[in-house]
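User: I would like to learn how to read pockets, surface patches and salt bridges in a model of this kind. Could you take me through them in turn?

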Amino acid sequence: MRAAILHKTGQDTLDVRDDVVAVGFGPGKVRVRLRAASLCHSDLSAMSGVLPQPAPFVPGHEGAGDVVEVGEGVTGVSVGDRVVLCWMAPCGSCAHCERGRGHLCVASLRRLGAPGFRFGGGPAPDGEPVEASGFYGTGSFAEEVVVDRDAVIAVPADLPYELAALIGCGVTTGIGAAVHTARVEPGASVAVIGAGGVGVAAVQGARVCGAGRITVVDPVVSRRERALAFGATEALAPEELKAAAKGLPGGGFDYVFEAVGRSSTVRAGYDAARRGGAVVVIGAGAQDDLAQFTMGELFFNEKRLLPSLYGGAPVPRTIALVVELWRAGRIDLAGMVTHRVGLADVNEAIAQMRGGEALRTVVTLG
């Protein structure tokens, strides 16, 4: 089968090969024929080393397809089911899972780097086959993948594959942050820093909650303008945020969503929130990027810092909510797909995201 491989952390492009095999099938496993994958900025962060992922690996974690085989002991999904990949599969038995906070379960991270694919081999100079992992136990830039049972979530058969792929991460993260983590109240003022896929999903989540004012902030004009079509009421350049916040009652926004993953934008979000407001951090940042606050301001301003991982609630619950909102016409998933490429052109999708051209590029896999 075909898959895209990153051979070494720090490389800018992927090697699309047709000699890759998905490995590891057995008890508790599910084999999925992927039909669509979506490129998320977290994939680029893993390629660059910002997010830890041993190389070689197959990037991609937003993916949708059909179950083609189930291992012994697998329940809840059957051959033929349409599923999306879950990149942080809960174990079901740890303290987080028992508290109903399965999105915080880190059991799957203990398998980071476990072989999921094999490629190459044969006569010299290829030599022995090479093993590769899938990004965070998935690897959606492949025609087929073998994953743990809990790493797949069934979705309705009438949900198009490319829209299903979107809700595997970015849409679920953004909408869940507004609905579950922040619990935005009707009439609230909201700012969203970063108008990529996760930021636009947060905009839509704030709109679903009934926010009265939704300000999107991004340095790229086209991204700012595009966000208006998804429910933002105004779009600003970063240098305009401070003045806009000061002009609000209370001197800032009720909620600021940081969808970039940088300490500088978290700090800007904190400054733009009113006293008693909240800064919701949904961008995936680097381990060594430190955000700084004084103890005095933390105490005096009583601004809440609310990190939100993967939607802030059990992922199946948030995905079910997203599907319901899509069915009701309350969120726009199709409009988020701005580009489509085949797997052979996945590096074109990477260039589109790096340049800010694409909101979401879907990689079609047959």
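Analyst: What follows goes through a pocket, a surface patch and then the salt bridges of this predicted model.

User: How much space lies in the second largest pocket, and which residues are the closest to its centre?

Analyst: A pocket can be read from its volume and then from its lining. Here the second largest pocket holds about 290 Å³ of space, and among its 24 lining residues K29, A114, G137, V146 and D148 are the closest to the centre.

User: Which strands each supply at least two residues of that lining, and how does the lining divide into nonpolar, polar and charged residues?

Analyst: The strands β8 (115–119), β9 (130–134) and β10 (144–148) each supply at least two residues, and β10 gives the largest share, with four. By residue type, the lining of this pocket comprises 13 nonpolar, eight polar and three charged residues.

User: Which residues form a nonpolar patch on the surface?

Analyst: A patch is read as a group of residues together with their joint accessible area. In this model M295, L298 and L305 form such a nonpolar patch, with about 280 Å² of accessible area together. One of them, L298, is placed in helix α9 (residues 295–301) and is partly exposed, its relative accessible area being 31%.

User: How many salt bridges does the count come to, and which parts of the chain does the pair of D12 and R354 tie together?

Analyst: With a cut-off of 4 Å between side-chain nitrogen and carboxyl oxygen, the count comes to 17 salt bridges. In the pair of D12 and R354 the closest N and O atoms are 4.0 Å apart; because D12 lies in the loop between β1 (3–5) and β2 (15–17) while R354 lies in helix α11 (residues 346–354), this pair ties together parts that are 342 residues apart in sequence. R354 is partly exposed, with a relative accessible area of 44%.

User: What is the N to O distance between R213 and E234, and where do these two residues lie?

Analyst: The side chains of R213 and E234 meet in a salt bridge at 2.5 Å, N to O. R213 lies in strand β13 (residues 213–217) and E234 in strand β14 (residues 234–236), so the pair ties together parts that are 21 residues apart in sequence.

User: Is E297, the partner of R267 in a salt bridge, buried or exposed?

Analyst: E297 is buried, with a relative accessible area of 16%, whereas R267 is partly exposed at 23%. Their closest N and O atoms are 2.7 Å apart, and the pair links helix α8 (residues 263–272), which holds R267, with helix α9, which holds E297, 30 residues apart.

Technical notes. Residues are numbered from 1 along each chain as its sequence is written. This is a predicted model: local features need pLDDT of at least 70, side-chain atom pairs count only at pLDDT 80 or more; totals for chains, interfaces and linings use all residues. Side-chain values use heavy atoms; hydrogens and water are left out. On a 1 Å grid over the protein atoms alone, a cavity is a set of points where a 1.4 Å probe fits but cannot get out, and a pocket is an open set with protein on both sides within 12 Å along at least five of seven lines; lining residues have an atom within 4 Å of a point. Grid points are joined across faces, edges and corners, and a volume is the space filled by probe spheres set on the points. Ala, Val, Leu, Ile, Met, Phe, Trp, Tyr, Cys and Pro count as nonpolar, Asp, Glu, Lys and Arg as charged, and the others, Gly among them, as polar. Patches are made of residues with over 30% relative accessible area and no salt bridge: like charges are joined within 9 Å, nonpolar side chains (Val, Leu, Ile, Met, Phe, Trp, Tyr) within 5 Å. Accessible areas come from the Shrake-Rupley method with a 1.4 Å probe; for residues, only the protein chains shown count as cover. Buried means under 20% relative accessible area, exposed over 50%, partly exposed in between (1.4 Å probe, protein chains only).
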